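I opened this entry to look up how aromatic rings and charged side chains are placed in one chain. I wanted to keep the notes short and to follow each residue through its partners.

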Amino acid sequence: MINEIKSKDNEIIKYVKKLQNNAFSKEEKRFLLEGNHLVEMGKSQIEFILCLPRFKDKNIYNKVYVINEMLMNKITQNKSATEVIGVARYLEEKDVSSKRVLYLDDVQDPGNVGTILRTALAFGYKDVILSKGCAFKYSFKVIQSSQGSIFNLNVVSKEKDYLFSLKNRGYKLVSTSLDVNSVFLSNFTFQKDDNYVIILGNEGQGISKDIQENSDIKIKIEINDIDSLNVGVAGGIIMYQASPYRKKD
């Protein structure tokens with residue numbers, strides 16, 4: 001079904017604008033996808049799209065609202081030109097089950113969270129746990145910087161108790177820490193058959209004390225001439241090293 005919208009006062013336009021607010025998104029359990037790539041990635045979750053007349057794939061969606069460029073410019077959050085915006089349902093959150101799990105402890109910058117999700121998918125991870133203090137996983141910047149990887153990951157929001165329950169299920173908790181007693185990453189071997197939760201901490205405060213105290217292993221990356229790495233960069237290095245799919249030397 002294809003309809004045309006011409007007024008900024010249309011209820012659909014107002015609804016899409018309201019979904020840019022995280023609180024309203026949580027109430028509705030709906031979020032926005034902007035651009036051809038993300039809409040394609042999330043098409044199984046999409047309820048309807050708003051698009052420009054020239055958008056080629058409009059006929060594959062059940063409900064389509066065609067709008068002009070003036071209206072698109074009023075509702076897009078993208079800095080570059082956008083042909084299509086999709087309204088999608090939240091994804092189901094499942095219990096984690098893979099051998100390598102990622103836990104983000106209050107990583108607050110949405111660009112960092114999105115980058116970590118994208119990297120996790122690239123290195124074969126399936127389960128990512130976000131603490132309650134992390135950036136909102138359905139925010140515009142997280143979705144954009146993750147490049148749609150959220151659709152191929154199980155990203156769950158959980159309290160710390162859930163993390164500690166994984167330890168009781170046989171997972172080894174691996175914290176990233178600059179502590180003097182931490183093991184250098186190059187000196188640590190992730191055993192292929194063991195289950196690990198790799199924990200990345202807040203940009204300013206690092207990993208919380210109680211998580212560090214309950215960790216089985218603390219690791220750090222050898223660096224020179226600077227105090228620390230961006231959490232997304234550090235996460236990428238560790239995820240690559242820990243990946244069970246990586247061909248070892």
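What follows are my notes on ring pairs, on one arginine and on salt bridges, all read from a predicted model.

**Aromatic rings.** I searched the whole structure for ring pairs and found 11 of them. I looked first at F31 and Y138, whose ring centres are 4.5 Å apart with planes at 35°, so I noted the pair as tilted. F31 belongs to strand 2, whereas Y138 is in the loop between strand 7 and helix 6, and 107 residues separate the two. I then asked how Y138 is placed against Y90: the centres are 4.0 Å apart and the planes at 20°, so this pair is stacked. Because Y90 is in the loop between strand 5 and strand 6 and Y138 in the loop between strand 7 and helix 6, the pair ties together parts that are 48 residues apart in sequence. I recorded F31 and Y138 as buried, and Y90 is buried too. Ring pairs join F31, Y90, F136, Y138 and F151 into a cluster.

**Charges over rings.** I found K26 over the face of F136, 4.9 Å from the ring centre. For Y162, I noted that the charged end of K158 sits over the ring, 4.9 Å from its centre.

**R100.** Which side chain of opposite charge is nearest to R100, and how far away is it? I found D194 at 7.4 Å, and R100, though buried, has no salt bridge. I next looked up backbone oxygens around the side chain of R100, which is in strand 6: that of Q191 is 3.0 Å from one of its polar atoms, and that of A242 is 2.8 Å from a polar atom of the side chain. Beyond its sequence neighbours within four places, R100 has contacts that include Y125, D127, F190 and Y196.

**Salt bridges.** I counted 11 in the structure. D194 does form one, with K172, at 3.1 Å between the closest N and O atoms; D194 is in the loop between strand 10 and strand 11 and K172 in strand 9, so parts 22 residues apart in sequence are tied together. I also looked up K137 and E93, whose side chains meet at 2.8 Å, N to O. K137 is buried, with a relative accessible area of 6%, whereas E93 is partly exposed at 36%. D95 and R169 form a further salt bridge at 3.3 Å, and I last noted a network of salt bridges that links R54, E69 and E83.

Methods
Residues are numbered from 1 along each chain as its sequence is written. This is a predicted model: local features need pLDDT of at least 70, side-chain atom pairs count only at pLDDT 80 or more; totals for chains, interfaces and linings use all residues. Side-chain values use heavy atoms; hydrogens and water are left out. Rings of Phe, Tyr and Trp (its six-membered ring) pair if their centres lie within 6.5 Å; planes under 30 degrees apart count as stacked, over 60 as edge-to-face and the rest as tilted. Helices (H or I, at least four residues) and strands (E, at least two) are DSSP runs, numbered from the N terminus. Buried means under 20% relative accessible area, exposed over 50%, partly exposed in between (1.4 Å probe, protein chains only). A charge sits over a ring if NZ of Lys or CZ of Arg is within 6 Å of the ring centre and within 35 degrees of the ring normal. Lys and Arg count as positive and Asp and Glu as negative; His and the chain ends are not counted. A salt bridge is a side-chain nitrogen of Lys or Arg within 4 Å of a carboxyl oxygen of Asp or Glu. A polar contact is a pair of N or O atoms within 3.5 Å; within protein, one must be able to donate a hydrogen and the other to accept it, and residues adjacent in sequence count only if both atoms are side-chain atoms. Contact means heavy atoms within 4.5 Å.
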